[in-house]
Amino acid sequence: MKKTTDAGNGQGARKVEAKSSAAEGLKELFKDGLKDIVYAERALLKALPKMMNNATEPKLKSAIEDHITVTEGQVQRLEQIFEILGESSRGKKCEAIEGLIKEGESIMEETEVGPVRDAGIIAASQKIEHYEIASYGTLAAFANTLGESEIVTLLEATLAEEKEADSLLTESAYNSINFEAAEEDTK
């Protein structure tokens, strides 16, 4: 039996045929989401050093460096979740994070070294944080629905870290970097 989903009722809307490997239940969808986010976190461990090396503001560089350590812990937590589930922690390519990382690289290429690039790095980083917040929030809700209380605790710990990272980025932007970048417009 072919699986289809309604892609909306607007003009040009069509039914989307699901792949033969498509998730049929919430647990499968949950595991698929975990594979997606573990790939994303591992990809970030490769991308964050480049962002750190291209930042100039010392507090921003330090915040990114700290987040690398936090991300390593998040990957370990995800591996623990896979272990609890009796699953391999092999990730599945995350198109969203690939696009967000590529966008961050483009921002760095399209800005001069200094406060404007730093503001761009913060913007790109916050997009990534918001993606991660949405992902971990959803995964925690799925785990809660599935009665996986130990996993909920692990996911909520990571969710709190992602929210904290977003808050620190906002603070950096509003405390100095955005204002310094705006001064570049008056030169």
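# Exercises on Charged Side Chains

Leaving aside neighbours within four places in sequence, arginine 117 is in contact with Asn54, Met108, Thr111 and Glu112. The exercises below concern a predicted model.

**Exercise 1.** Determine whether arginine 117 takes part in a salt bridge, and state where the residue lies.

*Solution.*
Step 1. Locate the residue: arginine 117 belongs to helix H4, which spans residues 115-145.
Step 2. Find the nearest side chain of opposite charge: this is glutamate 112, at 6.3 Å.
Step 3. Apply the cut-off: a salt bridge requires a side-chain nitrogen of Lys or Arg within 4 Å of a carboxyl oxygen of Asp or Glu.
Step 4. Conclude: arginine 117 has no salt bridge, although the residue is buried.

**Exercise 2.** Describe the order of helices and strands along the chain.

*Solution.*
Step 1. Count the elements: there are five helices and two strands.
Step 2. Read along the sequence: the pattern is β-β-α-α-α-α-α.

**Exercise 3.** Identify which parts of the chain are linked by the salt bridge between lysine 27 and glutamate 148, and classify both residues as buried, partly exposed or exposed.

*Solution.*
Step 1. Recall the principle: side chains of opposite charge can pair when their charged atoms come close.
Step 2. Check the distance: the side chains of lysine 27 and glutamate 148 meet at 3.2 Å, N to O.
Step 3. Place the partners: lysine 27 is in helix H1 (residues 26-54), and glutamate 148 is in the loop between H4 and helix H5 (149-185), 121 residues apart.
Step 4. Classify lysine 27: its relative accessible area is 35%, so lysine 27 is partly exposed.
Step 5. Classify glutamate 148: buried means under 20% relative accessible area, and glutamate 148 therefore counts as buried at 18%.

**Exercise 4.** Find the elements that helix H1 is linked to by the salt bridges of arginine 42 and lysine 50.

*Solution.*
Step 1. Take arginine 42: its side chain meets that of glutamate 79 in a salt bridge of 3.0 Å, N to O. This pair links helix H1 to helix H2 (residues 58-85), with the partners 37 residues apart.
Step 2. Compare accessibility: arginine 42 is partly exposed at 27%, and glutamate 79 is partly exposed at 33%.
Step 3. Take lysine 50: the closest N and O atoms of its salt bridge with glutamate 105 are 4.0 Å apart. Here helix H1 is linked to helix H3 (residues 95-109), across 55 residues.
Step 4. Classify this pair: lysine 50, at 40%, is partly exposed, and glutamate 105, at 31%, is partly exposed.

Conventions
Residues numbered from 1 in each chain as written. Predicted model: local features only at pLDDT ≥ 70, side-chain atom pairs only at ≥ 80, totals over all residues. Heavy atoms only, no water. Helix = DSSP H or I, 4+ residues; strand = E, 2+ residues; numbered from the N terminus. Buried < 20%, exposed > 50% of the residue type's maximum accessible area, 1.4 Å probe, protein only. Lys, Arg positive; Asp, Glu negative; His and termini not counted. Contact = heavy atoms within 4.5 Å.
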